[in-house]
Amino acid sequence: MNSIVIVESPAKAKTINKYLGDGFTVMASYGHVRDLPPKNGSVRPDEDFAMDWEIAAQSKKHLMAIVNAAKNADAIYLATDPDREGEAISWHVLEELRDRKVINGSDVKRVTFNAITKAAVLEAMDNPRELDTELVDAYLARRALDYLVGFNLSPVLWRKLPGSRSAGRVQSAALRLICTRELEIEKFIPQEYWTVEANLTKDSDQSFTARLTHHQSEKLDKFGLPNEASAKAAQAAIEGAAFSVESVEKKQKQRRPYAPFTTSTLQQEASRRLYFSARQTMDIAQRLYEGADMGGETVGLITYMRTDGVHIDTDAVNTIRSVIGQDFNSEYVPEKPRVYSSKAKNAQEAHEAIRPTNPALRPKDVAAYLSKDQLRLYELIWKRTVASQMESAIMDQVSIVTASADKATKLRASGSVIRFPGFLKIYEDAPKTSTDSDKDDEADRILPPLDEGEALKQSDVKPEQHFTQPPPRFSEASLVKTMEELGIGRPSTYASIIQVLQDRNYVRMDSRRFIPEDRGRVVTAFLESFFAKYVEYSFTADLENKLDEISGGRLSWKVVLADFWRDFITAIEGTSELRITQVIDTLDALLEPHLFPKNDDGTDSRKCPSCEDGRLSLKFGKFGGFVGCTKYPDCRYTRQLSVSGNDPNAAVADGPKELGEDPETGMMVTLRAGPYGIYVQLGDAEVLAARAAAAAPPPIEEEPVEGKKPKKAKKPKKPKVPKPKRSSLPKGMDPESVDLEQALKLLSLPREVGIDPESGDMILAGIGRFGPYLKYGDKYQSLGVDDSVLEIGLNRAVVVIAEGKLKKGNRGGGSAKSLGEHPDDSKAVTVRDGRFGPYVQHGSLRATLPRDKDKDAITLEEAIELLAIKAAKAGTAKKAPKKKAATKKKTATKKKAAKKKTTAKKKTTKKTVAAKKAEPQGATADQDD
C-alpha cells in the first residue's frame, strides 16, 4: 500500500518519515500553499463572499510534488498542525488535489497529534478523522475580514493621510493601546506625597523599620501627608512619643503554583525572564516542537506551542509526579494531581498546555543537543510544568502595629518568612521591575519576635518625599497580557501583530518598551475620529468571540461577514465627502497634548518661534505630517511632529552637539544628525582640511639659469584631506544619553572581540549599513536587538555566529550532513536542503539531486558522480564566453583599422585643399585655360 502524509515543514516531515517507515512518503507543503491575491476583488461580498485563491510562487514546486505523488497514492493523510491554521493548510491542499482531479478514489484522512513523538504520531495514524469544516469556516471568515478591512480602509488612509502605510483589523486596536498609554503619560501630572518611617528597637537591640499609618488619631491614605510641612509635623510627633506594641498578627498563607504555559503566558514569561521577543519565543518553541537530533534519533521536545489550554495529559502528570519525588522528596508531591482549567472560550480547540513531551528529560539531559537559547526556553517550560504539579509554598506572615501612649500616632511593619518552599524550590518569582509596587519590598523582611505591650525605642525618623508616577509604557509581556485580557486577537497571532507594527514604523522599542512613532499616533487619531467603532476594544473582542462561535459550529461564517460588511462599507463610503481640512483640524485638536505640550513657563506652546503673530498647527505634505506656521508662505517655519521627548533628532535640533575632546587627537567629538539617522563624529572637515594644507610641502622653485627663460614653479600635489571618522548610533540608543565615553567607544569600532575557537580568525564587532554586525574572516553575522555591539563578549559572539551558521544552513529545513571526504582533496562532501530542493556540495560546487533520489539515501560515490557532471557542465559554460570574446576582439580590431584608414584619407584631403589655396591665382587661371 502506497500512502502519502502531508505536513507543513520539511523538518517535521523528516522526523515523521522515520517513525512511519516503509509504505509511507512524508511530504512538506512548506506552509500555506494558497492565499488571497493582494488585489481588489479577491473577496466579493456581492457574490456571497466568493473568494479567489492564488498559489504562491514559492509553493508551486512543492505543491506539484504533492500532486504527482497523490496520483499513485492509495491513501492521503493530512497531518498539518492541530489548530485552525493547520486545518486551513490541509483544506487548501485537498482543494487543489480535487481541482486537479488526482485523488482518483484515494482514501483521504485527517490526523492530528499534539507532540512529534513516535507514540503520539502512531496513535494519531490509528485514529484519523474527517477535515473539520467548522474550523475551516472560521479560517475563511478571519481571512476575509482581514482582507476586507485592509483593502478598504488602507486606501482611505492613503488619500486622507499622506505617508500612512496601512490599517489592519487587530493591529489597529493593538496600536491604539500603545498610543493611548503614551497620551496618558503625556497628560499625567505628578502629585506630591510624603511618607515617614522610623527605626524601632526592643531591649534585645533587635531593630526593624515601621511606617507611619495614623497621625493625630486619623488613618493616613496615600496623600495623607501632602507636603513637607505635614511630614515634618508627623516626624516631630513620632520623635516626641513613647511607643509600645499594640498588636501582633500572625497567619499562614499558601501560595499555589502557576498553571502550565499557554501561548500567551509563555510569551510573557520568556520576555520577563529571558528577554526574548514574542517572535523569538515562538520561533525557538517551533524548533523545540519539531525536534532535536538526539543520538541519531529526532525527538520532539515540547508539545504544540499554539494553545490556550492548561490541562496536561494524565500519563504526563504521573511522570511529572514521579520526577518530583525523585528530584526532591515525597513532601513536595501533592496528595492528588493538580487539575487546571482554562478561562478562555474555545481554548485553542482544547489543546494541551505547552509542556515537555517527556518530563523525565531534564534540561541537563538535552543540553548537549540544543543551542543556548533553545536550552533556556526548554528549561523554562520544564520548570513551569514540573512546578505546576508541586505542593504549595507556605508563608508565615507577621504584621506588627505600634502605638504611642495616647494612640494618636501608629506605625506598622509587615514581614514574611517562607516556612515551606513547595513549588518555589524550582520556579521562583521573576525579577522585579521598576514598576513593581513598593509593598513587595516587605515580602522578604524578617521581624523580631515581639509581644503585645512590649516597649520600643524609636530612632532615625525619616520623612521621604515621593511623586506619583505615570503608567509605564507597554513591554511585550504587558502588551500581550493586556491584549489577552481585552480579547483582542488570539495569542497565536500576537507575535506577528507586534512585528507588523514595528515593520511599518508605527512603533519602536526603547529599553524593551513600546513607544509610538508619529506616524502611528496620527493613524490612531484618524481611526478614533472617523472609524471609532472599528478600533474599540469591545468591538474587536466581540468579533473574536464570533469567530470562536463559528469554529464551534454555533454561527454561520457568512452571516458574521454580512453583518460586519453592511456597517463597515457604509463607514467607508461616508469618508468620500470628508475634506482634508476637516481631517487636519480634528487631528490637530486630538493630538494637541503630544504636538504642543504646555511650556513650563506658562507661555503659549503654539506661538511660532520664527514670526511674531503666527501659530503652529498640524499640516500634511507629500511625505506625511509636520508642524508648520499658519502664516505660510510669509513664514516658512516647520518642524517634525515629535517634541523633544520623542524626537530622536531633538538632541541635535540646534546643530551639532559637542560632547568633548578626544584625549588622543585633541579633536572635538560631536553628535550630529544625518540623512540616515544620528551619528557621532571625530573632528571637523574644515579643521582636517586646514591641517592637511598646513602639512603640505611648499611649491618647488628652480634656481634661474643665465640665458634661459625661468620655469614656472611646480605646483605641489593637492593634499589628500582625510574624512572625519563617523559612527552611527545603534538602534535603541537614546541620543540624549550619549556622552563622550560612549561616543569614543562607537568611534573605536570595529573592535576586537576575541579569537574564534573554530576558525582561528579574530572576531570583530562593528556597525555597518545594515546595523551592528560580527565579522570573522571574510564572513559577517548580524547582531540582534538584544546584543550590544559595545559590550558583546567572546562567548556570546561565538554563540551568535554558531546560531547564524545553523540558520543559514537550515533555510531549507535541514543542516548539512557530511557524506565523507572527496578523494581529490579530502574536503567534505555534504548533502543539504536548499531553496529549490536537496543538493550535494563540495567546496563551492553544488549539484541538485534528481527528483527520484532521496537525500537521506544518497551515497558518497553517487554524490561525487553528480558533482563531476556539474563540474563538466560548468567547464563547458566557461569556455563559451572565450570564443565570444575572441570574436568580439577580432571585430574590434577590424573597426579600429577601418577607422585609421578613414582618418588618413581625411588628412590627405585636407593637405590637398591647403596646397591649392597656397598656389598663385595666375597659375590657377593658366591651368583653367
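Accessible areas come from the Shrake-Rupley method with a 1.4 Å probe.

**Figure 1. Overview of the predicted model of the protein chain.** The protein chain exposes about 51,300 Å², and carbon and sulfur atoms supply 50% of this area. Of its 929 residues, 43% are buried. The chain contains 24 helices and 34 strands. Among contacts between residues at least 6 apart in sequence, 66% join residues at least 24 apart.

**Figure 2. Confidence along the predicted chain.** The mean pLDDT of the protein chain is 80, with 83% of residues reaching 70 or more. Among the elements, the highest mean pLDDT, 92, belongs to helix H12 (residues 372-387); the lowest, 34, belongs to helix H24 (residues 921-928). The pLDDT is below 50 over residues 346-350, a stretch that has 16 contacts in the model beyond near neighbours in sequence. Residues 810-814 also have pLDDT below 50, and here the model shows ten contacts beyond near neighbours in sequence.

**Figure 3. Close-up of helix H7 (residues 228-239).** The helix has twelve residues. From its first C-alpha to its last, H7 reaches 16 Å, close to the 16 Å expected at 1.5 Å a residue. Ser230, Ala231, Ala234, Gln235 and Ile238 are its buried residues. Around the axis they cover an arc of only 145°, and therefore lie on the same side of H7. The cover over these buried residues includes strands S9 (192-201), S10 (207-215) and S12 (243-255), together with S16 and S17. At the start of the helix, a side-chain oxygen of Asn227 comes to within 3.4 Å of the backbone nitrogen of Ala229.

**Figure 4. Close-up of helix H10 (residues 314-327).** H10 has 14 residues and spans 20 Å from first to last C-alpha, close to the 20 Å expected at 1.5 Å a residue. Ala316, Val317, Ile320, Arg321, Val323 and Ile324 are buried. Seen down the helix axis, the buried residues fall within an arc of 160°, so they line one face of H10. Thr314, Asp315 and Gln326, on the other side of the helix, are exposed. H12 is included in what covers the buried residues of H10. The N-terminal end of H10 is capped by Asp313, which has a side-chain oxygen 3.1 Å from the backbone nitrogen of Asp315.

**Figure 5. Close-up of Ile446 in the loop between strands S16 (410-420) and S17 (455-467).** Ile446 has a relative accessibility of 64% and therefore counts as exposed. The cut-off for an exposed residue is over 50% relative accessible area. Ser414 is 32 residues away from Ile446 in sequence; in space, the two residues are 8.4 Å apart, C-alpha to C-alpha. The two strands that bound this loop, S16 and S17, are also among the elements that cover the buried residues of H7.

**Figure 6. Close-up of Ser551 in helix H16 (residues 537-551).** Ser551 counts as buried because its relative accessibility is 10%, the cut-off for a buried residue being under 20%. A polar atom of the Ser551 side chain lies 2.7 Å from the backbone oxygen of Asp548.

Key:
Residues numbered from 1 in each chain as written. Heavy atoms only, no water. pLDDT = per-residue confidence, 0-100. Helix = DSSP H or I, 4+ residues; strand = E, 2+ residues; numbered from the N terminus. Contact = heavy atoms within 4.5 Å. Expected span 1.5 Å × (residues − 1). Buried < 20%, exposed > 50% of the residue type's maximum accessible area, 1.4 Å probe, protein only. Arc of directions from axis to C-beta. Polar contact = N/O pair within 3.5 Å; in protein donor to acceptor, adjacent residues only side chain to side chain.
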